[in-house]
Amino acid sequence: MVMTSTNDILAALSARYPHQPTFLQAVAEVCTTLAPYLGASGATEADYVRLLRLATPERIITFKVLWTNDQGAIEHNIGYRLQFNSALGSYKGGLRFDVTVNEDILKFLGFEQIFKNALTGLPLGGGKGGSDFNPKGRSDSEIRSFCRAFMVELHHHIGIEVDVPAGDMGVGGREIGYMMGMYKELTHRSEGAMTGKDPLIGGSFGRTAATGHGAVYFARAMLRESGKTLAGLRCVVSGSGNVAEHTARKLVSEGAVVLTLSDRTGYLYKEAGLTTGDIDAIIAHKDTDANLDTIAISGATFTVGKPWQAVVADGYFPCATQNEIDVADAKAIAKHAVLVVEGANMPLSNEAVAVLHDAHIPHAPGKASNAGGVAVSGLEMAQNAAHYPWSADEVEAKLISIMENIHERCRIEGGTDWGIDYVGGANIAGAKRVLAAMKVLGW
Ligand code: NDP
């Protein structure tokens, strides 16, 4: 097949993976923004073929996970590790435990991860993994049982110079700890084969909060472009998991007003802004596996369902999941938004991205603005390799510097006469680095 445009790449992938719409959506977004750049830089057929290869995972490992529940019965789930691209370094990317996990979702996440990791400037390849295991309502012993069973297969495929998984949706410090415990038992090795560990077992300070903090540092850099600050900015945050929590906390500490947090049941809205105490109470409530529909926060109201997207605000920080904002939401948001900063991966449909682009709303894609998590994971790998931990302040200073550098890369590649096209800038800057490395490797 002749490969002389990004449309040819999309056609080839659509023919090969017709049942993977989320993956195709992620590739289409990248191809749309790369097309003018590739055309203007005189890309050859070999360059387009290389981009097609970049969109083809190096390895997909699928396995059965047999584990024992509290009733003594054996259950089974499907486990995955997707080693997408190793041009820049060991595969790196989180594990997601959620009922929605399948090959399509992991390929979209792995593909995004390649560009995100490239943007950090660290030597990190791209990968992703997880399971369709649903951790909701499971006891601690069932979570431990599942994590250990998952590692029985995963340990064959990971290691500090090979593939270093971290957490994602449904996988936090507790799950990483249980998996690392099993990894040590199976391999007799204490290497940092995973990141997001508790500092007691070799984790980096600041990793838990890094994605949310990084998103806020990125927002700060975006606002600086127009002489604004976060102080007083009225912000909508979606989700109430790891990324949402630390985005909200950091926004509050920067003087912004956090109007909302959400979950699968609906959203909490507080006109005066959620306080740190409110966020403490919400997270403690969520930690008991309860939902936002059963918590009372003074001055806040709860609304069932999706309409947090209709809340009028200055800043939007979607931090829950993919495709939270559709084209109608984006049209409403574009009427008043000062900026949109993605904490989640691909929370906007491609049509919604186009609406914000056409309205010239500064909009940071997750691969740039949520890269703080993987960046501190990269720093955790450096600390593990050196067998020497850095202080929390050292890590935070490095995180700020990495987020500022990512912003600068987006500015350089995405500068336009109306402002910075962050989506285009991030895709071009990330793709350039990975494609150049693939060329050096003879790929
Ligand atoms: P968590 O599991 O900690 O939290 C996810 C949150 O999103 C929960 O509040 C959950 O609600 C909500 N949510 C999930 N699915 C839906 C849905 N279909 N509709 C409405 N709400 C939903 O995950 P994280 O905070 O770790 O991850 C959130 C996003 O950030 C993901 O896109 C992830 O890939 C991305 N990300 C995470 C990083 C990290 O370091 N953890 C790094 C970079 C990106 P409920 O409580 O009801 O389940």
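**Exercise 1. The open sheet**

Task: In this predicted model, work out in which order the 5 strands of the open sheet lie, and which strands form its edges.

Solution: Begin with the sheet as a whole, whose 5 strands follow the order 1-2-4-3-5 with mixed pairing. Next, look for strands that pair on one side only, and you arrive at the edge strands, strand 1 (59–68) and strand 5 (163–167). Then consider how neighbouring strands of this sheet are set against each other: on average they are turned by 20°, with direction ignored.

Now follow one pair in detail. Strand 2 covers residues 74–85 and pairs with strand 1 in the antiparallel sense, over 10 bridges. Within this region, Val 65 has Asn 77 of strand 2 standing opposite.

**Exercise 2. A helix on the strands**

Task: Find which strands helix 4 lies across, and at what angle helix 4 runs to strand 4.

Solution: Locate helix 4 at residues 103–119, and trace the strands that it lies across, which are strand 1, strand 2, strand 3 (91–97) and strand 4 (126–131). The angle between helix 4 and strand 4 is about 150°.

**Exercise 3. The nonpolar cores**

Task: Determine which residues of the largest nonpolar core touch the most other members, and which helix gives this core its largest share.

Solution: The largest nonpolar core holds 55 residues, and those that touch the most other members are Phe 218, Val 237, Leu 251, Ile 282, Phe 317, Val 341 and Ile 406. Helix 7 (residues 207–224) contributes the largest share of this core, namely 8 residues. A second core of 41 residues lies apart from it, and includes Leu 24, Tyr 80, Ile 105 and Leu 435. In soluble globular proteins, nonpolar side chains tend to be buried together.

To see one member more closely, take Phe 218 and set aside its neighbours within four places in sequence; among its remaining contacts are Ala 364, Met 403, Ile 406, His 407 and Tyr 422.

**Exercise 4. A pocket and a cavity**

Task: Establish which residues are closest to the centre of the second largest pocket, and which residues line the largest cavity.

Solution: The second largest pocket has a volume of about 390 Å³. Of its 27 lining residues, Thr 33, His 357, Asp 421, Val 423 and Gly 424 are the closest to the centre. Among the elements that each supply at least two residues of this lining are helix 2 (21–40), helix 11 (350–358) and helix 15 (422–440).

Turning to the cavity, the largest has a volume of about 40 Å³, and its lining consists of Glu 29, Glu 112, Glu 342, Met 346, Leu 348, Val 353, Pro 365, Gly 366 and Lys 367.

Terms used: Residues are numbered from 1 along each chain as its sequence is written. This is a predicted model: local features need pLDDT of at least 70, side-chain atom pairs count only at pLDDT 80 or more; totals for chains, interfaces and linings use all residues. Side-chain values use heavy atoms; hydrogens and water are left out. Two strands pair if DSSP finds at least two bridges between them. Helices (H or I, at least four residues) and strands (E, at least two) are DSSP runs, numbered from the N terminus. Axes are lines fitted to C-alpha atoms, for helices over the stretch in contact, and angles run from 0 to 180 degrees between N-to-C directions. Contact means heavy atoms within 4.5 Å. A nonpolar core is a set of buried Ala, Val, Leu, Ile, Met, Phe, Trp, Tyr and Cys residues joined through side-chain atoms within 4.5 Å. Buried means under 20% relative accessible area, exposed over 50%, partly exposed in between (1.4 Å probe, protein chains only). On a 1 Å grid over the protein atoms alone, a cavity is a set of points where a 1.4 Å probe fits but cannot get out, and a pocket is an open set with protein on both sides within 12 Å along at least five of seven lines; lining residues have an atom within 4 Å of a point. Grid points are joined across faces, edges and corners, and a volume is the space filled by probe spheres set on the points.
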